[in-house]
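Let's walk through this one together, starting from a single turn in the backbone and working outwards. Have the viewer open as you read.

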Amino acid sequence: MNIHEYQAKQLLAQYGVAVSVEIPCKSLEEVRPAAEKILAGGSPKVVVKSQIHAGGRGKGTFKSGFQGGVKIAANADEAVSFAQQMLGNVLVTKQTGPDGRKVQTLLLAAAAKIKKEFYLAVLLDRVTSRPVVMVSTEGGMDIEEVAEKTPEKIVKETIDPAVGMMPYQARKLAAALGLKGDLIAAGAKLILGVYKTAWECDTALVEINPLCLVEVDGKETLMALDGKISLDDNALYRHKNIQEMRDLNEEAPLEIEASKFSLNYIKLDGSIACLVNGAGLAMATMDIIQHFGGNPANFLDVGGGATKEQVTAAFKIILQDPNVKGILVNIFGGIMDCNVIATGIVAAVKETGLKLPLVVRLEGNNVAAGKKTLAESGLTLITGDSMADAAQKVVKAVGN
Ligand code: GDP
Ligand code: MN
């Protein structure tokens, strides 16, 4: 699960990471009072930031033609006028794809006087199976580009999860950012706070781009001016407060529906819907469809022990995609009882009045009973003897 910048900063602030004074606004009426409050607090300017689950907002463009999803306003009037251009409008950035995202929340924050922009991230290294804390002096830019062109400008520390991040590691990274004097201690403290956020919230990624050296009352200090946090869904049950940060506006409606039934569904662009148990098999199924010249309409893993209700829900979800021209059910009964799937298929086809070609390949646990259920159901479906056979049949059926 992803959360918004303002929510990420709320979490970071709880772990002692410095962030600017900020107020999220969901409607235009809230913008003027928020801007006035921030200005009254002593900040000479207010930054108005579009909140969407995608980066590159600063350089993004609204479909209306308005430039920039992050704007600095000199007064409350200007903040309101920026807000009018942003709220309810669709912002297209490098990360949103051409469809963009509708901005439904704004973040108003005290605009910091930036002296330097850095990059800081905590992620999981799959090779070492350990958290890695990464910094770069090249903040505010596309980090992928930095990694490609000037990899030496990215400095990493691998963390032993048994002991956590050691203070010397944080100081090393602060020094790598070129910080001097008191700022090394301040930088180390901030980095440790970000690591603690990542560790305690069970994140898959925390990214602060930019982490800034800012000037407040003539004094230099460090502050997180942007924040991206991706949570590990498998650990979300441990964090009630974070679960409440979920914003369904940012998720595809069919994927939300799927998550209600604990189905892993991801919509794709093709015409052949797949219903599969197990993520590995689901990926192999998508590959084999492509191999025989078709295009998968989705990734759908019903899990190892799906029930009849889940199978029915899965059918309804894939049928809501207007691009779907045929369905391939590919089940390997390991834990799964093939007859449960067969019963679910029959119920779903009857309930949805399915007219599209349906190819079913069942194998494994209780397969004979499953095949019998399908055969006796009176439904017109195509059976596949193997994955290759089933894939070829569905590609052919859709092609016709
Ligand atoms: P992103 O483009 O989606 O990554 O959004 P950011 O939150 O990183 O904002 C984009 C850019 O706006 C940053 O890299 C900064 O240069 C600038 N920016 C953001 N907040 C402030 C601020 O408080 N003061 C100033 N001066 N610039 C800011
Ligand atoms: Mn950013």
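Start at G178: this glycine sits just after α5 and takes a positive phi of about 85°. Helices here are DSSP runs of H or I with at least four residues, strands are runs of E with at least two, and both are numbered from the N terminus. Before going further, a word on ground rules: this is a predicted model, so local features need pLDDT of at least 70 and side-chain atom pairs count only at pLDDT 80 or more, while totals for chains, interfaces and linings use all residues. Residues are numbered from 1 along each chain as its sequence is written, chains are lettered from A and ligands numbered from 1 in the order in which they are written, and side-chain values use heavy atoms, with hydrogens and water left out.

Now step back into α5 itself, residues 167-176, where Q169, A170, L173 and A174 are buried. Buried means under 20% relative accessible area, exposed means over 50%, and partly exposed is in between, with a 1.4 Å probe and protein chains only. These four cover an arc of only 140° around the axis, so they lie on the same side of α5; the arc is that of the directions from the helix axis to the C-beta atoms. An α-helix has 3.6 residues a turn, so residues three or four places apart point the same way. Among the elements covering the buried residues of α5 are β9, β10 (154-158) and α6 (182-200), where contact means heavy atoms within 4.5 Å.

You can read α12 (367-376) in a similar spirit. Its buried residues are V367, G370 and L374, and they share one side of α12 because their arc around the axis is only 60°. On the other side, A368, K372, A375 and E376 are exposed. The buried residues of α12 pack against α11 (338-352) and β18. After α12 comes G378, with a positive phi near 80°.

What about positive phi values outside glycine? Most residues other than glycine have a negative phi, and most peptide bonds are trans. N366, in the loop between β18 (358-364) and α12, has a positive phi of about 60° and is partly exposed at 36% relative accessibility. S129 has a positive phi of about 55°; its place is the loop between β8 (113-125) and β9 (130-136), and it is exposed, with a relative accessible area of 59%.

The backbone also holds a cis peptide bond, between N209 and P210, with omega about 15°. P210 belongs to strand β11. N209 turns up again at the metal: N209 (O) and D226 (OD) are the protein donors of the manganese ion (ligand 2), at 2.1 to 2.2 Å from it. Donors are N, O and S atoms within 2.8 Å of the metal (3.2 Å for Na, K and Ca), and water is not among the atoms, so sites may look incomplete. The pair links distant parts of the chain, 17 residues apart: N209 is in β11 (203-216), and D226 is in the loop between β12 (219-224) and β13 (228-231). Both donor residues, N209 and D226, are buried.

Finally, zoom out. The protein chain has 13 helices and 19 strands, and its C-alpha atoms fill a box of roughly 80 × 50 × 40 Å along the principal axes. Of its 400 residues, 48% are buried. Among contacts with a separation of 6 or more, 68% come from residues 24 or more positions apart.
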